[in-house]
Structure formats: structure tokens, C-alpha cells
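Work through the exercises below with the sequence and the model side by side. Try each task before reading its solution.

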Amino acid sequence: MSTVSTVDDLLGQAFGVEDVPLPGGGLVKVRPLSRAEALKVEASDAADVMEQRLVAAALVEPKLTEAQVAKWQEVSPAGQIQAVVEAITRISGMDQNAGKQAYADFRE
């Protein structure tokens with residue numbers, strides 16, 4: 001039998017951190033997005049801004065601002081940031097319906 005969560009349980013949740021190896025060497029540490037952060041990311045109109053918000057919010061080490069992520073987008077191989085984005089969306093539970101959404105977009 002499960003116990004009912006308390007208000008403190010719901011509001012005091014801690015994020016787990018995951019290491020993401022970067023193609024070409026090195027690694028970064030990321031955490032899942034909160035629901036509020038995910039909604040802010042999804043409200044972005046442009047894909048580059050969406051990625052900047054996602055990475056800046058979830059990157060734990062090193063910590064980057066959205067402007068620094070934009071610069072990283074300019075200077076890095078595409079696969080390097082893509083590995084980080086995929087890890088963040090996976091641990092945030094944001095990729096579970098990606099196939100369904102792509103199908104819905106196609107049908108529209």
C-alpha cells in the first residue's frame with residue numbers, strides 16, 4: 001500500500017543529476033526540467049531558442065546562460081549539443097510522445 005504524498009513531498013522534490021558524455025571527449029552534468037521549465041521551453045517559437053532555454057535550465061555543470069548556449073550552438077559540432085538535448089528530454093520525460101506528435105503534425 002502506498003502512502004499519500006505530503007505538501008512537503010511535492011514541493012521539496014530534488015532533481016537527480018546525470019552525466020552526459022560529449023562526442024569527442026569530456027562530459028557535462030544535467031538534470032531533468034521541472035514542469036514549469038518544460039512549459040517555458042515548449043512555449044518558444046523558434047527551435048534555436050527552445051534549445052537554448054532547455055539546455056540553460058537543465059545544465060548543472062558547467063552552468064551556462066541562454067546567451068552562452070547560443071554561442072555554443074554557433075561553435076560546436078551539431079552532435080555535441082544534440083547528445084545533451086536528447087539526455088535532457090529523456091530524463092525529463094519529454095520524449096515519450098515525440099512519435100505521436102510528429103504523426104499529428106504530419107496529418108495536419
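The exercises go from the overall fold to salt bridges and then to helix packing.

The model is predicted, so local features need pLDDT of at least 70 and side-chain atom pairs count only at pLDDT 80 or more, while totals for chains, interfaces and linings use all residues. Residues are numbered from 1 along each chain as its sequence is written, and side-chain values use heavy atoms, with hydrogens and water left out.

**Exercise 1. Describe the secondary structure of the protein chain and its order.**

Step 1. Helices (H or I, at least four residues) and strands (E, at least two) are DSSP runs, numbered from the N terminus.
Step 2. The protein chain has six helices and three strands.
Step 3. Along the sequence, their order is α-β-β-α-α-β-α-α-α.

**Exercise 2. State what share of the residues in the protein chain is buried.**

Step 1. Buried means under 20% relative accessible area, exposed over 50%, and partly exposed in between (1.4 Å probe, protein chains only).
Step 2. Of the 108 residues in the protein chain, 27% are buried.

**Exercise 3. Find the salt bridge partner of Glu18 and say which elements the pair ties together.**

Step 1. A salt bridge is a side-chain nitrogen of Lys or Arg within 4 Å of a carboxyl oxygen of Asp or Glu. The structure holds four salt bridges.
Step 2. The partner of Glu18 is Arg90, at 2.3 Å from N to O.
Step 3. Glu18 belongs to strand 1 (residues 18-21) and Arg90 to helix 5 (residues 78-91), so the salt bridge ties together parts that are 72 residues apart in sequence.
Step 4. Glu18 is partly exposed because its relative accessibility is 24%. Arg90, with 43%, is partly exposed too.

**Exercise 4. Place the salt bridges of Asp19 and of Glu74 in the chain.**

Step 1. Asp19 meets Lys29 in a salt bridge of 2.8 Å, N to O. This pair links distant parts of the chain, with Asp19 in strand 1 and Lys29 in strand 2 (residues 27-30), 10 residues apart.
Step 2. Both are partly exposed, Asp19 at 41% relative accessibility and Lys29 at 27%.
Step 3. Glu74 pairs with Lys71, and their closest N and O atoms are 3.9 Å apart. Both residues sit in helix 4 (residues 66-75), three residues apart, or about one turn of the helix.
Step 4. Glu74 is exposed, since its relative accessible area is 61%.

**Exercise 5. Work out how helix 2 is oriented to helix 3 and which residues make the contact.**

Step 1. Axes are lines fitted to C-alpha atoms, for helices over the stretch in contact, and angles run from 0 to 180 degrees between N-to-C directions.
Step 2. The axes of helix 2 (residues 35-42) and helix 3 come within 8 Å and cross at roughly 160°.
Step 3. Helix 2 is therefore roughly antiparallel to helix 3, given that angles under 35 degrees count as roughly parallel, over 145 as roughly antiparallel, 65 to 115 as roughly perpendicular and the rest as oblique.
Step 4. In contact (heavy atoms within 4.5 Å) are Glu37, Lys40, Val41 and Glu42 of helix 2 with Met50, Arg53, Leu54 and Ala57 of helix 3.

**Exercise 6. Give the orientation of helix 3 to helix 4.**

Step 1. Helix 3 (residues 47-58) and helix 4 pack with their axes 8 Å apart, at an angle of about 120°.
Step 2. The two helices are therefore oblique to each other.
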